[in-house]
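Grab a pencil and work through these short exercises with the structure on screen. Each one comes with a worked solution.

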Amino acid sequence: MMHSVRWLSVAQASKVLGQLVSVVVLSRLLPPSAYGVMALAGVVLTFASLLRDMGTGAAIIQRKSLTPTLADTVFWLNVGLGVGLGLVLAAAAYPISVFFREPELFPVMLLMSLGFPLGATTAVHQAWMERHARFRELAILDVFTQVGGLCLSVACALAGWGVYSFVVPTLFTIGVNSTWLWFKSGFKPGRTWSREEFRSLWGFSGSLTAFNFINYFARNADSMIIGRVLGAGPLGQYGMAYKLMLFPVQHMSWVVGRALLPRLSGIQDDLAAVRDVYFKVLGGISLLSMPIMVGLWSLRVPFVDVVLGPKWAIVAPLLGWLAPVGIMQSLMSTIGSTLTSQGRTAALFYLGIFNTATVLVGFFAGAQFGVVGVAAGYFVANLLNFLVTIVCMGRWLQATPGPLWRQMKAPVVSSLAMGLALWGADLALAHTALPAKVQLGMLIALGAAVYLSVLGLVFGQSPKVLLNTLKGKA
């Protein structure tokens, strides 16, 4: 299990590193409107991706016994959905661009629609490799496409291609992935189609797809509202702030979620043990996410000025609202694995409905006050969702606040101490003639030193707590 997690971590780390480099480099070469157009395309393409897969890949992995007939049925289902969705997206490209009042969205959607039939032909091939735990090969493929795609993005941006600096690398990644998976996965599709297998498949995939649709609207409603009401430029600025907030959340939830589920499933009948591991994992996540987000919040103005540049100035106030959201979402990223291990998928579903409804209300209320208002509404909605989730998890796990606070105390106090130190140092450095880059570097070093000093000297803890908990050593 830990071997698989290690390669999953390598693949995800390459994605996060590639995204960070992309943010630093491309933000200097491309205008916010280019990010906004791609974000609008992403709203539609993400929805279409849910329809294309329909949870069939997960069904391939989950089945105890996988027959050639089932694999062939899933393959031809995916091919049909991929070709159909590609044609629908191509036909809908112009009306969608009119709806969002963004003419450049039309050719972008046309080009991106080509990826659906191509990607659909190898969805089963990837699931086949995951089923056989061939994560090392998949990780190497991910790293290669990340590096190649990043190089293409920079080259296109330098050539003045604008938003197509995102389109070309995306099609490159899909093409390379599909070609490699087709020839190297070991799966060879036949010409079989089974109506009985299709019906059995729908029982599993239908519920999973319904849950994914709920999460889709919670994750993409802000882009729809900002893109429609405010336009591509403000959406690109909001998307940049959201991406910075999402980096640690995305990585930790993707890796921790996969390691936590088997860990909790193995002790699912011992509620006290489940509760203990759950609280320790929350404490471990806090050790990593809190200093990153508190540091980003404290240094949001110099960070945006030095790393992104003056055209992204509005990202700083956006991060003022979104950085705290990053802390809450990183902690809530464990909810799915924990409830699934206890067989409480119905509770997870209803919690998802409540969270989605709350976020939608926050988005619509905040949109009246511009892009910063949307971020503020998102913060309020997440705060309410976080409090409700913590209360519900406490009842379901029969827990009291004391054990949770004992796990959270060290990162909370250490992060607050770091934030106060950064605030004072930032005020002091403002009266010096040091270059902005030097000041930012000094502040980052100070923040890390203060956080680790308080964490180690006062509480005797380190970020290794999270890894040890997942391995079952704590």
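**Exercise 1: two helices**

Work out which residues of α7 and α8 touch.

*Solution.* Q126, M129 and E130 in α7 meet F135, E137 and L138 in α8, where contact means heavy atoms within 4.5 Å. By type, the contact has three nonpolar residues, one polar and two charged. Next, look at the axes: those of α7 (residues 123-131) and α8 (residues 135-158) come within 8 Å and cross at roughly 130°. That makes α7 oblique to α8.

A quick note on ground rules: this is a predicted model, where local features need pLDDT of at least 70, side-chain atom pairs count only at pLDDT 80 or more, and totals for chains, interfaces and linings use all residues. Residues are numbered from 1 along each chain as its sequence is written, and side-chain values use heavy atoms, leaving out hydrogens and water.

**Exercise 2: ring pairs**

Find how the rings of Y35 and F166 are arranged.

*Solution.* Start with the distance: the ring centres of Y35 and F166 are 5.0 Å apart. Then take the planes, which sit at 65°, so the pair is edge-to-face. Pairing needs centres within 6.5 Å; planes under 30 degrees apart are stacked, over 60 edge-to-face, and the rest tilted. Finally, place the partners: Y35 is in α2 (residues 32-53) and F166 in α9 (residues 164-184), 131 residues apart.

**Exercise 3: buried or not**

Decide whether W128 and F187 are buried or partly exposed.

*Solution.* Buried means under 20% relative accessible area, exposed over 50%, partly exposed in between (1.4 Å probe, protein chains only). W128 has 23%, so W128 is partly exposed. F187, at 4%, is buried.

Methods
Axes are lines fitted to C-alpha atoms, for helices over the stretch in contact, and angles run from 0 to 180 degrees between N-to-C directions. Helices (H or I, at least four residues) and strands (E, at least two) are DSSP runs, numbered from the N terminus. Angles under 35 degrees count as roughly parallel, over 145 as roughly antiparallel, 65 to 115 as roughly perpendicular and the rest as oblique. Ala, Val, Leu, Ile, Met, Phe, Trp, Tyr, Cys and Pro count as nonpolar, Asp, Glu, Lys and Arg as charged, and the others, Gly among them, as polar. Rings of Phe, Tyr and Trp (its six-membered ring) pair if their centres lie within 6.5 Å; planes under 30 degrees apart count as stacked, over 60 as edge-to-face and the rest as tilted.
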